[in-house]
Amino acid sequence: MKSDSASVEEGGSMFVLSGEELTLPYGEINALISSYADNPKIERLGNRVVRSNLSSNVLIETVTQRAAYCRFGGSFVSISKDLPSLASPLEIDLSTLGKSFAVDSFSLDLEKCGELGATIKAKTKGKVSLENPDYVFDVEAIPDGRYVLGLSPNGYKEFQWKSRRPRARKFFLPSAIYPKLARCLVNLSQVKEGEVFLDPFCGTGSLLIESSLMGMRSVGVEITRWIARGARLNLIGFSLPYEAIIRSDSASSLPLTHVDGISTDVPYGRASSTKGLSTSEILDGFISAASESMYSSSQKKKFSVVMYPSTVNLEEKLSSQGNSFQLKEQHLLYVHRNLTRVVSVLQRM
Ligand SMILES: C[S@@+](CC[C@H](N)C(=O)[O-])C[C@H]1O[C@@H](n2cnc3c(N)ncnc32)[C@H](O)[C@@H]1O
């Protein structure tokens, strides 16, 4: 994917990404920061660490909680070649606040964390609590030989994926995707709380579950009546609100005109019915319908995210459809020998 890394001058935030997918974690955090920061500046410090100028604690926490592929998010403290001097900018007196802290890392061993912990303890007069700290300092080694330090009052994230895995839902189909990927696809569309999110090929509702959990007004479209009913059942099963789940054909038109963001997993292969059309034909119809459904009178940037097999040439389709969308970035996901998926992020022009 294209990298728009820009250096961040001071303060801001630090995010540590999970390492299981090559480009998706950075794409996701980039999309989230871009949707919340006024004038986003995002700097990559190696593959796993990202620094940005997002500085509000509330927004840092929102981005951290929303991101599927983020392990830690907090305020940026410092960056240095020398581990002990990471603590130099710390001005807080944790003893008067009665607060405890812990130092942890995804890239450094316990001994190094302990060394830094001793320096932070001397500087802040805080108590160390490895079990239940009030503050977590995360320290990471980055490829240029430096270390970077971040601070969070909320600690590390707790993942709840298991309870939402496809087989744990009331209605199951083998084509259902896992909540982590579903959440990332929603986040790539840059929709925010209260905005209208659409999944035009919603199947069992995996993306709608994640968008509703994050506070979007979720709309699903599904051509098969009993599957649409199953998607409703799944949202109700988690006591989640949704705007509408409509039985309709997204390859010909979409029943909405002012959608804020779209993400979808287009039908292909045998696992999900394509109603006689090829994936390529479905995408043709969908792109034209999506451009009409993303009408906006304001300057707001709108994105449509599509996941499809790598055998389809989307770029060709975009130019033959009058460039109503511009390709912003692409991610490749290897599934097995015969299937690589492409996740394309399209910006409505
Ligand atoms: C790949 S599956 C989506 C799976 C979904 N992401 C999930 O996790 O359950 C694609 C869905 O699109 C539906 N579909 C096929 N053609 C359609 C069309 N023209 N309009 C709307 N839905 C369609 C299929 O019935 C199928 O449920």
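**Note on the domain contact and core of this predicted model**

1. In this predicted model, helices α1 and α5 are oblique to each other, because their axes cross at roughly 45°, an angle that falls outside the ranges counted as roughly parallel, roughly antiparallel or roughly perpendicular. The two axes, of α1 (residues 24–36) and α5 (residues 179–188), come within 8 Å, and the crossing of α1 past α5 is left-handed.

2. As for the residues at this crossing, α1 contributes L24, G27, E28, A31 and L32, which meet C184, N187 and L188 in α5. An α-helix has 3.6 residues a turn, so residues three or four places apart point the same way.

3. The pairing of these helices is best read together with the domain assignment, in which the protein chain is divided into domain 1 (13–152) and domain 2 (161–348). The C-alpha centres of the two domains lie 33 Å apart, and the contact between them takes 13 residues from domain 1 and 11 residues from domain 2. On the side of domain 1 that touches domain 2, the largest share comes from α1, which supplies seven residues.

4. Is α5 mostly covered or mostly uncovered? The helix is mostly covered, with nine of its 10 residues buried; among them are P179, L181, A182 and R183, as well as C184, N187 and L188, which are also the α5 residues that meet α1. After α5 comes Q190, whose phi is positive, near 60°.

5. The largest nonpolar core has 83 residues, of which I29, L185 and V266 touch the most other members. This core draws at least three residues from each of domain 1 and domain 2. L185 is also one of the buried residues of α5. In soluble globular proteins, nonpolar side chains tend to be buried together.

6. Which residues does V266 contact, once its neighbours within four places in sequence are left aside? The contacts of V266 are with F201, T279, I282, L283, F286, V306, M307 and Y308, so described on the criterion that C-beta atoms placed from the backbone lie within 7 Å.

7. F171 deserves a separate remark, since this residue is found in the loop between β8 (147–152) and α5 and is nevertheless buried, with 20 other C-beta atoms within 10 Å; because the cut-off for a buried residue is 20 or more, F171 meets that criterion. Leaving aside neighbours within four places in sequence, F171 is in contact with T204, G230, L233 and N234. The C-alpha atoms of F171 and V312, which are 141 residues apart along the chain, are separated by 30 Å.

Definitions and conventions: Residues numbered from 1 in each chain as written. Predicted model: local features only at pLDDT ≥ 70, side-chain atom pairs only at ≥ 80, totals over all residues. Core = buried A, V, L, I, M, F, W, Y, C linked by C-beta atoms within 7 Å. Buried ≥ 20, exposed ≤ 12 C-beta atoms within 10 Å, placed from the backbone. Domains from an automatic or database assignment. Contact = placed C-beta atoms within 7 Å. Axes fitted to C-alpha atoms, helices over the stretch in contact; angles between N-to-C directions. Helix = DSSP H or I, 4+ residues; strand = E, 2+ residues; numbered from the N terminus. Parallel < 35°, antiparallel > 145°, perpendicular 65-115°, else oblique. Left-handed = near helix turned anticlockwise from the far one by under 90°.
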